[in-house]
Amino acid sequence: MPDISNTPRITLHPHTRRLRIYSGDTLIADTENAIELRERGYPNRGYIPKEDVDMSKLSTSPTVTHCPFKGDSTYYSLPSITDVAWSYDQPIEEMKAIAGRLAFDTEKVTQRVGSRKTS
């Protein structure tokens, strides 16, 4: 087993492909500007800028959680799916790049990764 003691727990990477989020046939988000957050022990997550999310389809959930590595999160729900996405509006300093972006629970929605849009 490799020694991971010196490996950062969380790393951020520009997502190099188009990322779309669907609930059924409904497009919720479509971006080419996601940031991929890789956290040891968890699935990779694409953090999508709010301007690339149809926020009119989401409502703020009463759920709030705290992560010692990212900060306090706000959750969002679709009418038929509770806590489908979350955002760190004021993350800790090392995670400032994900501020104001949404990550989606890919067990509750469909994430499609594809090539870049054509002009």
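This note goes through the pocket, the cavity, one threonine and the nonpolar cores of a predicted model.

1. The largest pocket comes first, and the space in it amounts to about 270 Å³. Its lining is made up of 14 residues, of which Glu39, Tyr42, Lys70, Trp86 and Tyr88 are the closest to the pocket's centre. Two elements, β4 (35-39) and β5 (45-49), give two or more residues to this lining. Sorted by class, the residues that line the largest pocket are 10 nonpolar and four charged, with no polar ones.

2. Apart from the pocket, the structure holds one cavity of 30 Å³ or more, and the volume of the largest cavity is about 40 Å³. The residues lining the largest cavity are Leu19, Ile21, Asn44, Arg45, Gly46, Ile48, Phe104, Thr106 and Gln111. At least two residues of that lining come from each of β2 (18-23) and β5, and β5, with three residues, has the largest share. By class, the lining of the largest cavity divides into four nonpolar, four polar and one charged residues.

3. Threonine 31 deserves a separate look, and its place is in strand β3, which covers residues 26-31. Is threonine 31 buried or exposed? The relative accessible area of threonine 31 is 1%, and because buried means under 20%, this residue counts as buried. The side chain of threonine 31 has a polar atom 2.8 Å from the backbone nitrogen of asparagine 33, and a polar contact of 2.6 Å joins the side chain of threonine 31 to that of aspartate 52. When residues up to four places away in sequence are not counted, threonine 31 touches Arg17, Arg18, Leu19, Ile48, Pro49 and Asp52.

4. In soluble globular proteins, nonpolar side chains tend to be buried together. The largest nonpolar core of this model has 16 residues, and those with the most contacts inside the core are Ile48, Val53, Leu58, Val84 and Phe104. The strands β2, β3, β7 (71-78), β8 (81-87) and β9 (101-104) each supply at least two residues of this core, and β8 gives the most, with three residues. A second core, separate from this one, has 10 residues, Ile10, Trp86, Tyr88 and Ile98 among them.

5. Phenylalanine 104 has already appeared both in the lining of the largest cavity and among the residues with the most contacts inside the largest core. Leaving aside neighbours within four places in sequence, the contacts of phenylalanine 104 include Ile21, Ile28, Ala29, Arg45, Gly46, Ile48 and Val53, and also Leu58, Val84, Ala85, Trp86 and Val109.

Key: Residues numbered from 1 in each chain as written. Predicted model: local features only at pLDDT ≥ 70, side-chain atom pairs only at ≥ 80, totals over all residues. Heavy atoms only, no water. 1 Å grid on protein atoms, 1.4 Å probe; cavity = no way out; pocket = protein on both sides within 12 Å on 5 of 7 lines; lining within 4 Å. Points joined across faces, edges and corners; volume = space filled by probe spheres on them. Helix = DSSP H or I, 4+ residues; strand = E, 2+ residues; numbered from the N terminus. Nonpolar A, V, L, I, M, F, W, Y, C, P; charged D, E, K, R; others polar. Buried < 20%, exposed > 50% of the residue type's maximum accessible area, 1.4 Å probe, protein only. Polar contact = N/O pair within 3.5 Å; in protein donor to acceptor, adjacent residues only side chain to side chain. Contact = heavy atoms within 4.5 Å. Core = buried A, V, L, I, M, F, W, Y, C linked by side-chain atoms within 4.5 Å.
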